[in-house]
Amino acid sequence: MSPVRQGLAVVAVAAVTVVVAVAVAPARALQKPERHFGCPPGKNVCIYPVDTVALQCESLFDFQVELHVRANTSVATPVTEELDITLTLPSGKTTTPAHLWEVAPEYRTWSLKAFKDMSDENPTGFDAYAVTWRNVFVPRAAGKGFLTVRVRARGVTTTVAYEIRKPTPRKAKNVVLLIGDGMSLPLMSAARLVSRGMYHGKYKDKLHIQALDNVALMTTSGIDSIITDSANSASSFATGHKSSVSALGVYADSGDDVFAHPKQELITEYIKKKMGMSVGVVTTAEVQDATPASAWAHVRQRGEKAAITAQAINGCLNCVTAVVPDVLMGGGGKFFLPKNSVDGSNMYDNYTAQGYTVTHTKAQMMSAAKNPATHKLLTITHAGNMEVWLDRNRYKDNMNVPSNDPLGKGVAPTQQPNLDEMTMAAIEVLSRNDKGFFLLVEAASIDKSAHPLDVPRTLSDLLELDNTVAKVLAWAKAHGDDTLVLVTADHAHGFDVFGTVDTQLWRDAVAATTAKPVRDQENYCAAVTDNAGTVFPSSFAAGNSSARAVNLARRSAIGIYANAGYPDYVDSDGDGFPDTWDVRTTLASGMNNFPDHTTSYTVSSSIKMPAKRLSGGAYVNNEDDDVNGLFQSGNLPPRGSTGVHTLQDVGIFASGPGSEAVRGVLDNTEVYHIMASALGVGMGGEEQ
């Protein structure tokens, strides 16, 4: 076992155990746990891939059947003695996993507990026995149609069906997938308003994103929840399979080894292995973060960032091939350093040994990209997430933090590139491969600013993505129009605009300064006592009327309907951004979920921190965050520190060969199939 793989094994042992699971007997069928693991309701087995999945023929997956029995029940060895598994191919032919795939299965077992609901204090113990055929596929000869899996175990029959997609000849040489993390449609409307302006009720122009040829709505939910996170949503794009919150490139079974869950082949793995294409990943987050890592990682928990850093160039346990992205750009430098790496090695050195040119500033990146000899480029410009656009370009002092040095030497990373600069540098390197490339671009801080309710920073990062899209489209047009360009979001945030705010009237409503603020900290209620007798004292004033008067005075500065008028943002230099975010008339806007916080609807000189943690773990208003703001009583669980993702459908926009499939209302797994069809996946990239 190699040093890196040893490190992965150590991480797996230390993983957090999953504590919610499925019950066996139909009488104790637990809806929530069954849904969490994707198991058919009322059955005693889980089957992966899950029911209703669409498979691209020739793409790999791990086929797993997992039997659950009450704890300490005797089970045959191997567990396949207990399982009658039959596969019915689209042709109608019936076979078994052993005959179809001719690979030796892997066996695992573990213990787990099943909870009836969140209040269950006496969970039932179960033992799980799993058999997994790794890295199998449905051959092209099986044809188009449905593959049905039937498993009979201990008198219970479970059936699932997979749609087998017919491969299509290759249409596109390249694919660029641009993801606005958390980019809901109302956020796009607000970004269009502040950057393009409005005249007589008409927008003066569209966003570049909205000028793409084809558009659709897209749903985002996962196997385990109506609300997705960036890991399983990005994995849906990369694999065509649904997954669960925090999972990357795997189905989340009920086991506790984060590296053993059944895998789903990534489109990047296929095109590298079968077609010789190049792969690039660009993000303003840590490169190990959920969305960028979806291009190469297979792990149940997205937080395994040290292992994810290593997986990019070494692959994973039971992986057929490592993706080894030819270009990797973003933050996350701390996980390259020996004290944080998976095996104590310097990951920068490991990448260099694999032929990468390693850079840490904008100038170094641009120089390396222009060098014709550069074919593999690693650019890491921050120890963590890169600064957001406003802080890279307007409030530049926020970059002057020595501890954010990606090399850990105490040099402030003040030379961070913008997203469009990274993207075009990546394309310059990737386009040296005549066989084509796949590039994933993430505007990460749309989401990372929306979580702390920082609307100006959210919108500025969306506009940065929009400018990047314009440059990608121009490049594609100038280079043969053979690039499929897709722009979408992995999930939404519950944002909208309901009017405008006259910030001068707001300030004049109450005599206040930063040094002597008049805070709206009145919660309008006394202490609360719950059913258990625990007293939760109000964290605000005891009940005099002064704060309420302040609240009402400031609210008079909010304009709705006819009084809203238009905001004062102007883009006089045509760069796609407002000249200033500190305008008199701004947007009255916000999220539909949040912790206790205050807001004055104005831009902050540094990213917002709306809530602070009490010693008991609950979050309350951070009185130093927006001192002259209106108090908003939180509607999240007490330990919720920031806003969360929402259920909204998001937009998907597309141009180029294969983009005609973007229409109507799509599931997020269809993004994979659109890209796979355009690239000829299942036909080895054979062109029409």
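A residue counts as buried when its relative accessible area is under 20%. By this criterion E58, at 18% relative accessibility, is buried in the predicted model described here. E58 belongs to the loop between strand 2 and strand 3, where its phi is positive, at about 80°, although the residue is not a glycine. A comparable description applies to V324, whose phi is near 45°, again a positive value in a residue other than glycine. V324 occupies the loop between helix 8 and strand 15 (327-331), and its relative accessible area of 14% places it in the buried class.

Across the protein chain, 58% of the 688 residues count as buried. The chain comprises 17 helices and 32 strands. Among contacts with a separation of 6 or more, 72% involve residues 24 or more positions apart. The mean pLDDT of the protein chain is 89, with 89% of its residues reaching 70 or more. Over residues 522-526, however, pLDDT is below 50, and this stretch has 16 contacts in the model beyond near neighbours in sequence. The pLDDT also stays under 50 over residues 538-546, for which 15 contacts beyond four places in sequence are present in the model. Where pLDDT is low, the predicted coordinates should not be read in detail.

Strand 18 (residues 437-443) is largely enclosed by the rest of the structure, because 7 of its 7 residues are buried. The side chains alternate in direction: F437, L439, V441 and A443 point one way, while F438, L440 and E442 point the other way, and all are buried. Strand 18 is paired with strand 10 (residues 174-180) in the parallel sense over 6 bridges, and within this pairing L178 has V441 as its bridge partner. Strand 14 (residues 278-286) likewise runs parallel to strand 18, to which it is joined by 6 bridges; here G280 stands opposite L439.

A separate open sheet contains 3 strands in the order 24-21-25, with antiparallel pairing. Strand 24 (558-559) and strand 25 (585-591) form the edges, and each has a single partner strand, so one side of each is left without a neighbour in the sheet. Strand 21 (residues 495-502) is joined to strand 24 by 2 bridges, and T500 is matched with G559 of strand 24. The pairing of strand 21 with strand 25 is also antiparallel and extends over 7 bridges, with D496 opposite G590 of strand 25. Despite its edge position, strand 25 is mostly covered, 6 of its 7 residues being buried. Helix 4 (residues 185-196) lies across strand 21 and strand 25 and runs at about 35° to strand 21.

A492 is located in strand 20 (residues 492-493) and counts as buried, at 0% relative accessibility. Beyond residues up to four places away in sequence, A492 touches G182, S184, H645, T646, Q648 and V650. One of these contacts, that with Q648, links positions 156 residues apart along the chain, and the C-alpha atoms of the two residues are separated by 5.9 Å.

Among the helices, helix 8 (residues 305-314) is largely enclosed by the rest of the structure, since 9 of its 10 residues are buried. The buried positions are K305, A306, A307, I308, T309, A310, Q311, A312 and I313. Just after helix 8, G315 adopts a positive phi of about 75°.

Helix 5 (residues 230-239) and helix 17 (residues 670-679) have axes that come within 6 Å and cross at roughly 25°. The two helices are therefore roughly parallel to each other, and helix 5 passes helix 17 in a right-handed crossing. The contact involves S236, F237, A238 and T239 from helix 5, together with V671, Y672 and M675 from helix 17.

Two cis peptide bonds are also described. The bond from Y48 to P49 is cis, with omega near 0°, and P49 is situated in the loop between strand 1 (45-48) and strand 2 (54-56). The bond from T77 to P78 is cis as well, with omega near -5°; P78 falls in the loop between strand 3 (61-70) and strand 4 (83-88).

Conventions. Residues numbered from 1 in each chain as written. Heavy atoms only, no water. pLDDT = per-residue confidence, 0-100. Contact = heavy atoms within 4.5 Å. Pairing = 2+ DSSP bridges. Helix = DSSP H or I, 4+ residues; strand = E, 2+ residues; numbered from the N terminus. Axes fitted to C-alpha atoms, helices over the stretch in contact; angles between N-to-C directions. Buried < 20%, exposed > 50% of the residue type's maximum accessible area, 1.4 Å probe, protein only. Parallel < 35°, antiparallel > 145°, perpendicular 65-115°, else oblique. Left-handed = near helix turned anticlockwise from the far one by under 90°.
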